[in-house]
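Me: I am new to this structure and would be grateful for a close look at one part of it. Please choose a single residue, describe its surroundings with care, and then set that part within the whole.

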Amino acid sequence: MPWRGSKDPYKIWISEIMLQQTRVEQARPYFERFMSLFPTVFDLAKADQQKVLKAWEGLGYYSRARNLHAASKMIVDQYDGKLPEQYEEIIKLKGIGPYSAAAITSIAFGKPNAVVDGNVIRVITRYFGIEDDIRSTRTVKQVQEHVNELISYEYPAEFNQGLMEIGSLVCKPTNPDCSNCPIQIGCVATKTAKTDSIPYKSPAKKTPHKHIGVGIIEREDGKVLIALRPEDVMLGGLWEFPGGKQEEGESIQQTVERELKEELGVEVHAYKEFMKLKHVYSHFSITLHAFNCKLISGKAKPKKSQEIRWVSIDELEEYPFPKANKQLTEKLVSEFSS
Ligand code: SF4
């Protein structure tokens with residue numbers, strides 16, 4: 001991992017935020033590109049938000065990128081460009097919760113703050129034989145208390161990273177390699193043959209599925225219309241093709257036509273389904289139906305978005321889009337250039 005071994009608090013901060021719910025292999029190229037675009041916290045603080053979101057495009061959870069950007073400005077304005085060393089200070093920065101605060105302060109500044117992530121939860125619940133549901137905050141608190149007691153005051157960074165690595169490389173979710181585990185002596189789960197049942201995680205609740213209809217409005221000069229999502233909503237600050245959720249009793253074409261009237265004040269004819277794709281978010285999933293649309297009447301205005309733009313197909317790649325819309329722009333670009 002390109003950030004391992006580094007004591008640069010900025011690099012550690014960026015990598016820890018990227019690694020939340022993202023695998024190392026997936027995060028690595030993003031990390032390298034991000035560092036070449038914004039090598040210091042000063043570069044990040046003065047960057048345009050659209051450039052930051054574009055660098056994050058594809059990683060998902062865009063609020064993390066917006067928070068990183070906002071926090072970089074706080075670090076420059078309030079801390080002379082240096083990340084605060086104390087847990088109580090760093091946790092005040094946007095987007096930094098208990099996990100990131102403990103990881104950054106221990107790895108970058110050698111503070112004895114114990115990190116609890118999914119890997120640590122698995123190792124500790126097995127080691128101490130904790131059979132309670134790990135979805136419960138009580139169980140996570142119990143794990144936190146154990147690692148707070150165990151952490152090395154002399155080598156907190158090595159302790160945290162070592163424990164996380166035992167979780168990712170040895171104490172794996174299935175078939176943990178107990179015979180090669182450095183903490184096998186004393187592990188309750190292996191002694192009692194309960195590695196299959198610990199940790200216990202109750203079944204996830206079924207997430208809702210929505211059908212979303214969006215319109216690709218084409219103008220005579222070949223340009224298409226895109227809209228900038230408001231800042232304060234999910235995927236805020238990203239561009240998209242306008243549209244919205246299908247309501248009961250309407251066809252998906254009707255959804256597109258109604259949504260474009262509400263969002264832009266125009267009458268369109270959604271005449272052909274250009275693409276249909278599925279996408280899963282953390283709390284729901286969608287089927288996105290993208291329709292080619294002809295403008296019938298009206299002049300488009302940004303009624304529900306920050307801004308709208310007419311752009312040529314080859315300009316689409318310059319704008320940050322959420323993942324589902326990105327697949328759509330890629331198909332448009334490839335059909336346009338073939
Ligand atoms: S002995 Fe086995 S179950 Fe216990 S911590 Fe090590 S790998 Fe995990």
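Reply: The account below begins with one residue, Val214, and moves outward from there.

The model is a predicted one. Val214 is found in strand E1. Is Val214 buried or exposed? Its relative accessibility is 3%, and because buried means under 20% relative accessible area, Val214 counts as buried. Leaving aside residues up to four places away in sequence, Val214 touches Phe241, Pro242, Gly243, Val256, Leu288, His289, Ala290, Phe291 and Leu328. As for Tyr271, 57 residues from Val214 along the chain, the C-alpha atoms of the two are separated by 12 Å.

Several of these contacts can be placed in terms of the strands. Strand E1 covers residues 209-217 and runs parallel to strand E6, residues 285-297, with nine bridges joining the two. One residue of this pairing is Lys210, whose bridge partner in E6 is Ile286. Strand E1 is also joined to strand E4, residues 243-245, this time by three bridges and in the antiparallel sense. Val214 takes part here, for its bridge partner in E4 is Gly243. Gly243 is also among the residues that Val214 touches.

Another sheet deserves a brief description. Which strands form the open sheet, and in what order? Three strands make it up, in the order E3-E2-E7, and their pairing is antiparallel. Strand E3 (239-240) and strand E7 (307-311) stand at the edges with a single partner strand each, so one side of each has no neighbour in the sheet. Strand E2, residues 224-228, pairs with E7 over five bridges in the antiparallel sense. Within this pairing, Ala227 stands opposite Ile308 in E7.

Attention may now turn to charged side chains. Side chains of opposite charge can pair when their charged atoms come close. How many salt bridges does the structure hold? There are 19 salt bridges in the structure. One of them links the side chains of Arg258 and Glu262, with an N to O distance of 3.4 Å. Both residues belong to helix H12 (residues 252-264), where they lie four residues apart, about one turn of the helix. Arg258 is buried, at a relative accessible area of 18%, whereas Glu262 is partly exposed, at 35% relative accessibility. Through salt bridges that share partners, Arg258 and Glu262 are joined with Glu247, Glu250, Glu259 and Lys304 in one network.

Two further salt bridges may be set beside this one. Asp221 and Arg219 meet through their side chains at 2.7 Å, N to O. Asp221 is partly exposed, with a relative accessible area of 48%, and Arg219 is likewise partly exposed, with 33%. Lys92 forms a salt bridge with Glu89, in which the closest N and O atoms are 2.9 Å apart. In this pair Lys92 counts as exposed, at 54% relative accessibility, while Glu89 counts as partly exposed, at 27%.

Helix H2 offers a view of another part of the chain. It has 14 residues, 24-37, and reaches 20 Å from its first C-alpha to its last, close to the 20 Å expected at 1.5 Å a residue. Which residues of H2 are buried? They are Ala27, Tyr30, Phe31, Phe34 and Met35. Seen down the axis of H2, these buried residues fall within an arc of 135 degrees, so they line one face of the helix. What covers them includes helix H1 (9-18), helix H3 (41-46), helix H4 (49-56) and helix H5 (62-79).

It remains to place these parts within the whole. The protein has 13 helices and seven strands. Its C-alpha atoms fill a box of roughly 75 × 50 × 35 Å, taken along the principal axes. Of the 338 residues in the protein, 48% are buried, and Val214 belongs to this buried part at 3% relative accessibility. The protein exposes about 17600 Å², of which carbon and sulfur atoms supply 51%. Among contacts between residues at least 6 apart in sequence, 64% join residues at least 24 apart.

Technical notes:
Residues numbered from 1 in each chain as written. Predicted model: local features only at pLDDT ≥ 70, side-chain atom pairs only at ≥ 80, totals over all residues. Heavy atoms only, no water. Salt bridge = Lys/Arg side-chain N within 4 Å of Asp/Glu carboxyl O. Buried < 20%, exposed > 50% of the residue type's maximum accessible area, 1.4 Å probe, protein only. Expected span 1.5 Å × (residues − 1). Arc of directions from axis to C-beta. Contact = heavy atoms within 4.5 Å. Areas by Shrake-Rupley, 256 points an atom, 1.4 Å probe, with all protein chains shown as cover. Pairing = 2+ DSSP bridges.
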